[in-house]
Amino acid sequence: MTVPVAERGRCGWATSAPDYVAYHDDEWGTPLRGVAAMYERLSLEGFQSGLSWLVILRKRPTFRAAFEGFDPAVVARFGEPDVERLLGDPGIVRNRRKIEATIANARAVLDLDTPLDDLLWGFAPDPAARERPVTLADVPATTPESVAMAKELKRRGFRFVGPTTCYALMQATGIVDDHVTTCWRAGGA
């Protein structure tokens with residue numbers, strides 16, 4: 001018997017808005033690959049710092065347009081006129097430091113000696129060594145892997161990539177699976 005979508009158990013954070021439900025059910029925790037895709041998620045997680053993810057989620061289409069589809073080769077060429085243009089765009093988060101970090105991070109992506117997605121996935125913990133969280137209280141804000149990821153990204157010139165942001169990236173892109181035990185997505189469903 002198939003459980004209707006509205007009756008599925010979900011992670012507690014995913015039930016407060018239809019946008020969250022769709023994001024949770026279709027994206028969060030799904031393994032993601034690709035340089036541009038991972039650069040986009042890294043950028044959006046940086047913009048989310050200090051804000052609700054729902055704000056970023058709702059602004060994502062405008063972010064994608066403003067940052068040229070998060071193509072690192074294009075964003076790396078952005079200069080001060082682009083920063084000023086972005087600061088005037090009400091459809092994104094207008095924070096100079098975050099905008100400048102996104103541009104600097106595009107340049108850092110291009111300087112890597114390995115594809116960004118391979119670098120990030122290199123910090124994936126052994127899934128067999130991790131216990132599935134039972135409740136949201138069991139989900140950490142950081143892990144040794146996210147601390148190591150942040151340190152390595154900073155060493156390579158990335159900005160706005162602290163351990164908490166890196167762990168959120170790991171969760172969002174399926175590097176770790178933090179769907180709680182009562183969630184229909186637990187275990188890669």
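**Exercise 1.** How many of the ten residues of H9 are buried?

*Solution.* This is a predicted model. Start with the cut-off: buried means under 20% relative accessible area. Next, list the residues of H9 that meet it: Thr165, Cys166, Tyr167, Ala168, Leu169, Met170, Gln171 and Ala172. That gives eight of the ten, so H9 is largely enclosed by the rest of the structure. Finally, find the partners. The buried residues of H9 pack against H1, helix H2 (35-48), helix H7 (116-121) and H8. Just after the helix, look at Gly174: H9 is followed by this residue, and its phi is positive, near 80°.

**Exercise 2.** Work out how H8 and H9 are arranged.

*Solution.* Locate the helices first. H8 spans residues 144-155 and H9 spans residues 163-172. Their axes come within 8 Å and cross at roughly 110°. Angles of 65 to 115 degrees count as roughly perpendicular, so H8 is roughly perpendicular to H9. The crossing is right-handed. Now name the residues in contact. H8 brings Glu145, Ser146, Val147, Met149, Ala150 and Leu153. H9 brings Pro163, Cys166, Tyr167, Leu169 and Met170. Sort them by type: nine are nonpolar, one is polar and one is charged.

**Exercise 3.** Is Arg10 buried or exposed?

*Solution.* Place the residue first. Arg10 lies in the segment before helix H1 (18-26). Its relative accessible area is 12%. The cut-off for buried is under 20%, so Arg10 is buried. Then follow its side chain: the side chain of Arg10 reaches the backbone oxygen of Arg8 at 3.5 Å. Last, take a long view. Arg10 and Val75 are 65 residues apart along the chain, and 36 Å separates their C-alpha atoms.

Technical notes:
Residues numbered from 1 in each chain as written. Predicted model: local features only at pLDDT ≥ 70, side-chain atom pairs only at ≥ 80, totals over all residues. Heavy atoms only, no water. Axes fitted to C-alpha atoms, helices over the stretch in contact; angles between N-to-C directions. Helix = DSSP H or I, 4+ residues; strand = E, 2+ residues; numbered from the N terminus. Parallel < 35°, antiparallel > 145°, perpendicular 65-115°, else oblique. Left-handed = near helix turned anticlockwise from the far one by under 90°. Contact = heavy atoms within 4.5 Å. Nonpolar A, V, L, I, M, F, W, Y, C, P; charged D, E, K, R; others polar. Buried < 20%, exposed > 50% of the residue type's maximum accessible area, 1.4 Å probe, protein only. Polar contact = N/O pair within 3.5 Å; in protein donor to acceptor, adjacent residues only side chain to side chain.
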